[in-house]
Amino acid sequence: MSKGLDGKVALVTGAAQGIGRGIALRLAEEGVNLALVDLQKEKLAHVLDEVTAKGVRATTFGADISQREDVYAAVDHAVQELGTLDVMINNAGIAQVKPIADIMPGDLEKILNINIGGVTWGIQAAAAKFKALGKKGKIISASSIAGHDGFAMLGMYSATKFAVRALTQAAAKEYASAGITVNAYCPGIVGTDMWVEIDKRFSEITGAPVGETYKKYVEGIALGRAQTPADVAALVAFLSSDDADYITGQAILTDGGIVYR
């Protein structure tokens with residue numbers, strides 16, 4: 001068990017599936033009460049059942065994280081329903097597989113608004129709420145190995161994840177005096193629905209058989225297997241805990257050995 005998590009309250013965006021669901025399940029095991037945020041209400045209801053079965057209190061909220069007012073409303077809802085907020089996890093995001101030459105204005109606007117806008121609004125809303133509550137807090141956001149290395153066909157996705165690292169560093173400096181830490185986690189090749197879609201798009205663009213791109217990337221992992229949401233959630237649980245109180249402004253790789261920094 002991670003130190004000091006039992007009874008705390010965390011908000012997780014993108015909690016309906018994949019890494020977000022994995023984070024919610026791990027935090028529930030640690031005794032964290034949860035505000036689960038997503039647009040996929042049916043899947044979110046299933047995750048709600050899963051976490052409450054572990055004995056914690058939880059609530060759900062439908063929000064489009066690209067909309068600032070939605071994110072602020074989600075944070076308000078968490079405090080209204082669960083009494084406080086200790087950890088904000090900006091997990092939600094989208095991938096985009098396109099050659100740079102094919103990126104259109106609509107593609108750019110969508111991924112910027114979700115992957116950068118959503119994190120920006122999450123940092124803002126959480127920090128404001130921590131200050132209003134008169135307490136320290138932790139803000140943890142999703143970057144990626146693509147936030148450390150730019151990947152071909154993932155140019156805009158990589159750019160947004162580099163941006164999350166920059167936001168993390170800047171926010172850590174701005175909010176340190178308030179006792180708020182700001183960090184990010186950087187997963188690698190995780191066996192989720194997002195990677196199914198990435199693999200499919202690579203197949204369409206390059207002509208590689210479906211499954212081949214995923215297989216190629218997994219074969220490049222030093223530890224010899226694909227990552228699971230639980231692998232990512234373990235790092236997030238640590239960053240949420242008292243054990244991480246002296247860590248801020250970091251974007252920590254958790255990829256099994258792909259990118260080395």
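This is a short talk on how some of the helices in this structure pack.

Okay, so before anything else: what we're looking at is a predicted model. Let's go helix by helix.

Two packed helices get described by the angle between their axes and the distance between the axes. Keep that in mind for the pairs coming up.

Start with α1, residues 18-29, and α2, residues 41-52. Their axes come within 9 Å and cross at roughly 20 degrees. Anything under 35 degrees counts as roughly parallel, so that's what we call α1 and α2. The crossing is right-handed. Who's touching whom? On the α1 side you've got Arg 21, Ala 24, Leu 25 and Ala 28, and they meet Val 47, Glu 50 and Val 51 of α2. Sort those by class and you get five nonpolar residues, two charged ones and no polar ones.

Next up, α3, which runs over residues 68-82. Here's a little sanity check on it. With 15 residues at 1.5 Å a residue, α3 should span 21 Å, and its end C-alpha atoms are indeed 21 Å apart, so the two agree. Which residues of α3 are buried? That would be Val 71, Ala 74, Val 75, His 77, Ala 78, Val 79 and Leu 82. An α-helix has 3.6 residues a turn, so residues three or four places apart point the same way. As for what covers the buried residues of α3, that includes the strands β1 (9-13), β2 (33-38), β3 (58-62) and β4 (87-90), plus helix α4 (105-133). And right after α3 comes Gly 83, with a positive phi of about 95 degrees.

Now, α4 has another partner to talk about: α5, residues 155-175. The axes of α4 and α5 are 10 Å apart, and the packing angle is about 15 degrees. Again, that makes the pair roughly parallel, and this crossing is right-handed too. The residue list for this contact is long, so I'll just pick a few: among them are Leu 108, Ile 111 and Asn 115 from α4, and Tyr 157, Thr 160 and Leu 167 from α5. By class, the contact of α4 with α5 divides into 14 nonpolar, three polar and two charged residues.

Let me finish by zooming in on Thr 160, which is in α5. Is Thr 160 buried or exposed? Its relative accessible area is 0%, so it's buried. Leaving out residues up to four places away in sequence, Thr 160 touches Ile 111, Leu 112, Asn 115 and Ile 116. Those four belong to the α4 side of the contact we just went through.

That's my bit, thanks.

Note on methods. Residues numbered from 1 in each chain as written. Predicted model: local features only at pLDDT ≥ 70, side-chain atom pairs only at ≥ 80, totals over all residues. Heavy atoms only, no water. Axes fitted to C-alpha atoms, helices over the stretch in contact; angles between N-to-C directions. Helix = DSSP H or I, 4+ residues; strand = E, 2+ residues; numbered from the N terminus. Parallel < 35°, antiparallel > 145°, perpendicular 65-115°, else oblique. Left-handed = near helix turned anticlockwise from the far one by under 90°. Contact = heavy atoms within 4.5 Å. Nonpolar A, V, L, I, M, F, W, Y, C, P; charged D, E, K, R; others polar. Expected span 1.5 Å × (residues − 1). Buried < 20%, exposed > 50% of the residue type's maximum accessible area, 1.4 Å probe, protein only.
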